[in-house]
Each structure stands twice: as structure tokens, then as C-alpha cells.
Amino acid sequence: QVQLVESGGGLVQAGDSLRLSCAASGRTISSYVMGWFRRAPGKEREFVAAISWSGRGTAYADSVKGRFTISRDNAKNTVYLQMNSVKPEDTAVYYCAARNGAILTTTPSSYDYWGQGTQATVSS
């Protein structure tokens, strides 16, 4: 079992930056694909970013490409999401997820473990 705990959410203004962290426990995530998803009020959960076990492979949703960066520190069993130039439409609960497999995927059902989420709110 892998337990995931997100942190770093909060209230920021449009154009600001925010850094989310996802700390894993229970087992090492060094062989897991890790992903970030989000759910805005009244909307379905959507893919944000994913990173391969080595960190050399990444994928991003078009809506965040060029503004968000996913990274990982396997020694700390932690994954990060750096959010720059945030917009009001980035307001959502952000979830960290772990996939026990080698293939990068954007599909939520492909992920095996999920955190409880952290709220990020961007004011205009």
C-alpha cells in the first residue's frame, strides 16, 4: 500500500506561483509513475501532469503546458507540482496519484493510489 498526502495549496492571486507537494509513505515510489489531477467545482476530474519513475519522461495537459512543471525526488519519496502564472481557471482540488507501472498515462482509472487532495484557489 502507498499512502499519499498532498500539501501546499492555498489562496493566491492570478499571476502568482504555487508549489504543491505529494509525500508518499508505505513503500518507495521510485518505480511508480506519478500524476497530478484536479477537480474544479462542478466539473469532472481532469489530468494535469505525469512523470515517469526516472523523471526523464513527463506529460502535461494543454491547459497547463508551459506554466506548470512536475518533478520528483525519489530519495525523499516526494513529487512536486510547480504552478506558475496561475489563472482563476486553475482553481480546483489537486490530487496526487501513483501508478504501479512504467507507462505514462493520463487516464485516472490507470492509477492505483490517490491522496485526499489539496485546495488551490486563484483570485482574479
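**Exercise 1. Locate N77 and describe its backbone and burial.**

Step 1. N77 sits in the loop between β7 and β8. Strands are DSSP runs of E with at least two residues, numbered from the N terminus.

Step 2. The phi of N77 is near 55°, a positive value in a residue other than glycine.

Step 3. N77 counts as buried because its relative accessibility is 13%. Buried means under 20% relative accessible area, exposed means over 50%, and partly exposed lies in between (1.4 Å probe, protein chains only).

This is a predicted model: local features need pLDDT of at least 70, side-chain atom pairs count only at pLDDT 80 or more, and totals for chains, interfaces and linings use all residues. Residues are numbered from 1 along each chain as its sequence is written, and side-chain values use heavy atoms, with hydrogens and water left out.

**Exercise 2. Is S85 buried or partly exposed, and where does S85 lie?**

Step 1. Place S85 in the loop between β8 and β9.

Step 2. Check the backbone. S85 is not a glycine, yet has a positive phi of about 50°.

Step 3. Read the accessibility. The relative accessible area of S85 is 42%, so this residue is partly exposed.

**Exercise 3. Work out the strand order of the open sheet of four strands.**

Step 1. Begin with β1 and β3. They run antiparallel and are joined by five bridges. Two strands pair if DSSP finds at least two bridges between them. V5 has A23 in β3 as its bridge partner.

Step 2. Continue from β3 to β8. This pairing is antiparallel, over six bridges. L20 stands opposite L81 in β8.

Step 3. Add β7. β7 and β8 (residues 78–83) pair in the antiparallel sense over six bridges. Here T69 stands opposite Q82 in β8.

Step 4. Write the result. The order is β1-β3-β8-β7, with antiparallel pairing. The edge strands are β1 (3–7) and β7 (68–73), each pairing on one side only. On average, neighbouring strands of this sheet are turned by 15° against each other, direction ignored. Strand axes are lines fitted to C-alpha atoms, and angles run from 0 to 180 degrees between N-to-C directions.

**Exercise 4. Which residues have the most contacts inside the largest nonpolar core, and which strands supply it?**

Step 1. Fix the term. A nonpolar core is a set of buried Ala, Val, Leu, Ile, Met, Phe, Trp, Tyr and Cys residues joined through side-chain atoms within 4.5 Å.

Step 2. Take the residues. The largest core has 36 of them, and those with the most contacts inside it are L4, M34, W36, L81 and Y94.

Step 3. Take the strands. β3 (18–25), β4 (33–39), β5 (46–51), β7, β8, β9 (92–99) and β11 (118–123) each supply at least two residues of this core.

Step 4. Recall the background. In soluble globular proteins, nonpolar side chains tend to be buried together.

**Exercise 5. Describe the disulfide that joins C22 to C96.**

Step 1. Count. The structure holds one disulfide (a pair of cysteine sulfur atoms within 2.5 Å). The S to S distance between C22 and C96 is 2.1 Å.

Step 2. Place the ends. C22 lies in strand β3 and C96 in strand β9, 74 residues apart, so the pair links distant parts of the chain.

Step 3. Assign the hand. The torsion about the S-S bond of C22 and C96 is about -75°, so the disulfide is left-handed.

Step 4. Check burial. Both C22 and C96 are buried.

**Exercise 6. Analyse the aromatic pairs of F37 with Y111 and with W114.**

Step 1. Set the rules. Rings of Phe, Tyr and Trp (its six-membered ring) pair if their centres lie within 6.5 Å; planes under 30 degrees apart count as stacked, over 60 as edge-to-face and the rest as tilted. The whole structure has five aromatic pairs.

Step 2. Classify F37 and Y111. Their pair is edge-to-face, with 5.2 Å centre to centre and 80° between the planes. Both F37 and Y111 are buried.

Step 3. Classify F37 and W114. Their ring centres are 5.0 Å apart and their planes stand at 55°, so the pair is tilted. F37 is in strand β4 and W114 in strand β10, 77 residues apart.

Step 4. Compare accessibility. F37 has a relative accessible area of 0%. W114 is partly exposed, at 25%.

Step 5. Join the rings. Ring pairs link F37, F47, Y111 and W114 into a cluster.
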